[in-house]
Amino acid sequence: MTVRKNQASLTADEKRRFVAAVLELKGSGRYDDFVTTHNAFILGDTDDGERTGHRSPSFLPWHRRFLLEFERALQSVDASVALPYWDWSTDRSPRSSLWAPDFLGGTGRSRDGQVMDGPFAASAGKWPVNVRVDGRTYLRRSLGTNVRELPTRAEVDSVLAMATYDMAPWNSASDGFRNHLEGWRGVNLHNRVHVWVGGQMATGVSPNDPVFWLHHAYIDRLWAEWQRRHPGSAYVPGGGTPNVVDLNETMKPWNDTTPAALLDHTPYYTFDA
Amino acid sequence: MPDLSRRRALTAAAALAGATALAVPAARASDPTHDHGASHGSHDSPAAFDEIYKGRRIQGRPSSGGGHHHGAGYTVSVDGVELHVMRNADGTWISVVSHYDPVSTPRAAARAAVDELQGARLLPFPASPAN
């Protein structure tokens with residue numbers, strides 16, 4: 001059974017295996033398919049049109065399935081690997097071990113944002129940025145530059161306290177848990193972390209930075225935490241909502257799963273705590 | 001360097017026009033490109049703009065929806081290459097190079113893109129493996 005662990009508690013061997021599996025997917029071309037899929041949904045999901053991956057109730061189940069697909073790909077390379085999660089409310093500094101050279105590498109240099117250390121630095125030769133929106137082919141970051149602070153635990157708690165999953169108009173203007181977690185309204189959790197990392201993480205091709213998976217694995221864990229706090233609160237809408245994925249409607253691009261089938265993560269993986 | 005000074009003049013003029021448009025919506029009528037798309041879309045589309053920002057030409061204009069991507073109702077370009085932009089329900093804007101950080105106008109999104117690009121050329125979207 002897959003157990004997703006806090007990245008801060010990974011052993012040196014677990015970090016090495018995770019990095020090796022990610023690099024293997026990259027080398028085979030499979031990694032870039034995930035970047036392409038994400039960007040297609042980023043461009044296609046709109047507030048007044050069809051919306052599936054973002055700015056909509058299915059933001060959470062869509063990313064849960066997307067991460068499952070990626071995790072299964074990693075496990076096809078090394079069955080011992082699980083996605084770690086990054087609790088950015090605790091490990092909130094560019095000096096965190098997450099950003100050390102034995103794991104994801106650090107922030108970019110000031111001149112051009114280029115990441116200069118770690119396994120994903122362009123200089124290591126194994127991480128060409130192929131699916132991109134501009135001419136730059138190297139991984140970039142500017143940790144804590146575009147926004148100074150990552151969300152605090154108190155801010156996380158204020159969002160977890162919201163009892164309603166989502167609300168009409170089911171988009172970036174909604175009140176409720178989903179949109180506050182996504183960050184289009186309120187204290188801003190998920191969106192702000194993308195901005196804090198900077199570089200490709202701030203763009204539509206954000207999965208070019210492997211931290212994308214650790215960020216979303218923690219967002220996913222917060223969804224599970226919210227469910228435990230509000231056992232009487234359900235995924236909404238329940239049916240008949242134009243442009244929006246209702247509870248029992250299938251989701252693109254897979255077309256074989258529904259939000260209802262993804263509400264319980266325990267058939268797929270558990271968390272370390 | 002007459003071109004450079006002309007560009008500087010254009011930039012200054014565009015900045016002034018932008019400020020005026022914010023304060024007095026009627027000023028849009030004086031924008032020669034505005035009427036091209038004024039009747040399209042359900043939103044009250046922002047005015048067109050055209051300026052040199054940090055040495056790069058950024059342009060924006062109302063446009064018809066549909067085509068090769070969803071109907072944003074507004075087209076932005078950097079040095080002639082279209083920048084994918086999107087309007088949020090609250091009227092704020094994002095672009096594909098700054099997708100999680102809404103700003104107030106399409107011009108602000110274009111400037112944020114130039115800041116982010118640090119001189120790099122924009123690629124036409126949708127992004128695809130480009131080796």
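# Sheets, a shared boundary and some empty space

User: Which strands make up the open sheet of 3 strands in chain B, and in what order?

Analyst: In this predicted model, the order is E5-E6-E7 of chain B, and the pairing is antiparallel. From one strand to the next, the twist averages 25°.

User: What makes a strand of that sheet an edge strand?

Analyst: Pairing on one side only. That's the case for strand E5 (85–87) and for E7 of chain B.

User: How do you know that E6 and E7 of chain B are joined?

Analyst: Count the bridges. Strand E6 (residues 93–95) and strand E7 (residues 98–103) of chain B are joined by 2 bridges and run antiparallel. The cut-off is at least two bridges, so they count as a pair. Want a spot to look at? B:Trp93 stands opposite B:Val103 in E7(B). E6(B) and E7(B) also form a hairpin, with 2 residues between them.

User: What holds strands together in a sheet, generally speaking?

Analyst: Backbone hydrogen bonds: strands pair through them, either parallel or antiparallel.

User: How are the strands ordered in the open sheet of 4 strands?

Analyst: That one runs E1-E2-E3-E4 in chain B, with antiparallel pairing. Its edge strands are E1 (49–53) and E4 (81–83) of chain B, since each pairs on one side only. The twist here averages 25° from one strand to the next.

User: How many bridges back up the pairing of E2 and E3 of chain B?

Analyst: There are 5 bridges between strand E2 (residues 56–62) and strand E3 (residues 74–78) of chain B. The rule asks for at least two, so this pair passes. You can find B:Arg61 opposite B:Thr75 in E3(B). And look for helix H2 (residues 106–117) of chain B: H2 lies across E1, E2, E3 and E4 of chain B, at about 25° to E1(B).

User: How many residues of chain A and chain B are in contact?

Analyst: It's 38 residues of chain A with 29 residues of chain B. Here contact means heavy atoms within 4.5 Å. As for size, an interface is often described by the accessible area lost when the parts come together. For chain A and chain B the buried area is about 2500 Å², and carbon and sulfur atoms give 56% of that. On the chain A side, A:Leu43, A:Arg132 and A:Val133 lose the most area, together 23% of what that side buries.

User: Why does the largest cavity get counted?

Analyst: Counting starts at 30 Å³, and 3 cavities make it. The largest has about 40 Å³ of space, so it clears the bar. As a cavity, it's a space where a 1.4 Å probe fits but cannot get out. Among the residues lining it are A:Arg132 and A:Val133, along with A:Asp134, A:Arg136 and A:Arg140. Asp and Arg count as charged and Val as nonpolar; the full lining divides into 2 nonpolar, 2 polar and 4 charged.

User: What makes up the lining of the second largest pocket?

Analyst: The lining has 5 nonpolar, 11 polar and 7 charged residues. A pocket is an open set, unlike a cavity, and this one has a volume of about 430 Å³. Of its 23 lining residues, the closest to the centre are A:Ser142, A:Asn146, A:Gly199, B:Asp115 and B:Glu116. The elements giving two or more residues are E7 and H2 of chain B, and E7(B) gives the most, with 4.

Note on methods
Residues numbered from 1 in each chain as written. Chains lettered and ligands numbered in written order. Predicted model: local features only at pLDDT ≥ 70, side-chain atom pairs only at ≥ 80, totals over all residues. Heavy atoms only, no water. 1 Å grid on protein atoms, 1.4 Å probe; cavity = no way out; pocket = protein on both sides within 12 Å on 5 of 7 lines; lining within 4 Å. Axes fitted to C-alpha atoms, helices over the stretch in contact; angles between N-to-C directions. Buried area = accessible area lost by both parts, 1.4 Å probe.
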